[in-house]
Amino acid sequence: MSRWLQWLMLSLTLGLALGGVHDAAAKNKKKSQSTIRNVGIQSFDRVFKEARTIDRKITDGQRRRRSGRQRVTSAMNMKRKTSFSSALRELNSRAQGKVKVATGGGRPQLRAADAVPSNVQRALGAVNTAVDDYKTLLTNLVGIPGDARRMVQRAKQLDVAQLTNEMSQLSVLNLGDRLTQVRRFRNNIQAIGQMPKKADRLIQGLRSDVKAVSSVFPSR
């Protein structure tokens, strides 16, 4: 395979990659990449390492939000995919007016004013634990949406000509390895493009869950 053909293949692949950062940021239609990986070029990998840190924080926040909800639904023997707000409404119904919400330090907490069934008591503990974790996440992740947007801009500024130049110097024997690098580059760009929307959804979801506790239950 001639070098000009190698270069052409790389250019076409990079064209898809560069389109990915714009398409993912604008439409977010592609499935999220679970891992942002190094491509073996220091100037690129510095950016990807920082992006990986941000993406892991978002992913960890999503996992913790999901775990909090599932602990509540498990305590109430409800379907795992039941929404947090639906679980709260069901809990309020089962508590029969015996559970109220108190706010201390900006963190709503449920308290039983009278004896309640054991499954309701377990669910109260699960809700309070979830809310504590959600509030902690909101504090720790306050800057993540902005960080994600700045990372998208940095990704757009990567000098892809450097990768193109390296590829054009390769022999046929090394072409497979370089195409692997290109695929990683493309996947990284797509994952970075998705981070702002993932971060926004996470923050909005956490706020909504915390607010739902005060909305569903009466105040003490």
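Is Arg 154 buried, partly exposed or exposed? Select Arg 154 and see: with a relative accessible area of 34%, Arg 154 is partly exposed. Keep in mind on this tour that you are looking at a predicted model.

**Stop 1: the whole chain**

Zoom out and colour by secondary structure. The protein chain has seven helices and two strands. Starting at the N terminus, the order of elements is α-α-α-β-β-α-α-α-α. Of its 220 residues, 42% count as buried. Now turn on the surface: the accessible area is about 11,900 Å², and carbon and sulfur atoms account for 48% of that.

**Stop 2: back to Arg 154**

Add Glu 50 to your selection. Arg 154 and Glu 50 form a salt bridge, with their closest N and O atoms 2.4 Å apart. Arg 154 belongs to helix α5 and Glu 50 to helix α2, so this pair ties together parts that are 104 residues apart in sequence. Glu 50 is partly exposed too, at 38% relative accessible area. Side chains of opposite charge can pair when their charged atoms come close.

**Stop 3: more charged pairs**

The structure holds 10 salt bridges. Stay in α5 and pick Asp 147 and Arg 150, whose closest N and O atoms are 2.5 Å apart in another salt bridge. These two sit three residues apart in the helix, about one turn. Asp 147 is partly exposed at 27%, while Arg 150 is exposed at 52%.

Next, select Asp 132 and Arg 107, which meet in a salt bridge at 3.7 Å, N to O. Here helix α4 provides Asp 132 and strand β2 (residues 107-112) provides Arg 107, 25 residues apart. Finally, show Asp 60, Arg 63, Arg 64 and Asp 133 together: salt bridges link them in a network.

**Stop 4: along α4**

Select residues 118-140 to highlight α4. At 1.5 Å a residue, its 23 residues should span 33 Å, and the end C-alpha atoms are indeed 33 Å apart. Buried residues in α4 include Val 120, Ala 123, Leu 124, Val 127 and Asp 133.

**Stop 5: the nonpolar core**

Which residues touch the most other members of the largest nonpolar core? Select Phe 48, Leu 91, Leu 110, Val 127 and Ile 192, out of 52 residues in that core. The largest share, 12 residues, comes from α7.

End your tour on Leu 91. Setting aside neighbours within four places in sequence, Leu 91 is in contact with Met 76, Leu 110, Val 120, Ala 123, Leu 124, Val 127 and Phe 217.

Note on methods. Residues numbered from 1 in each chain as written. Predicted model: local features only at pLDDT ≥ 70, side-chain atom pairs only at ≥ 80, totals over all residues. Heavy atoms only, no water. Core = buried A, V, L, I, M, F, W, Y, C linked by side-chain atoms within 4.5 Å. Buried < 20%, exposed > 50% of the residue type's maximum accessible area, 1.4 Å probe, protein only. Helix = DSSP H or I, 4+ residues; strand = E, 2+ residues; numbered from the N terminus. Contact = heavy atoms within 4.5 Å. Expected span 1.5 Å × (residues − 1). Areas by Shrake-Rupley, 256 points an atom, 1.4 Å probe, with all protein chains shown as cover. Salt bridge = Lys/Arg side-chain N within 4 Å of Asp/Glu carboxyl O.
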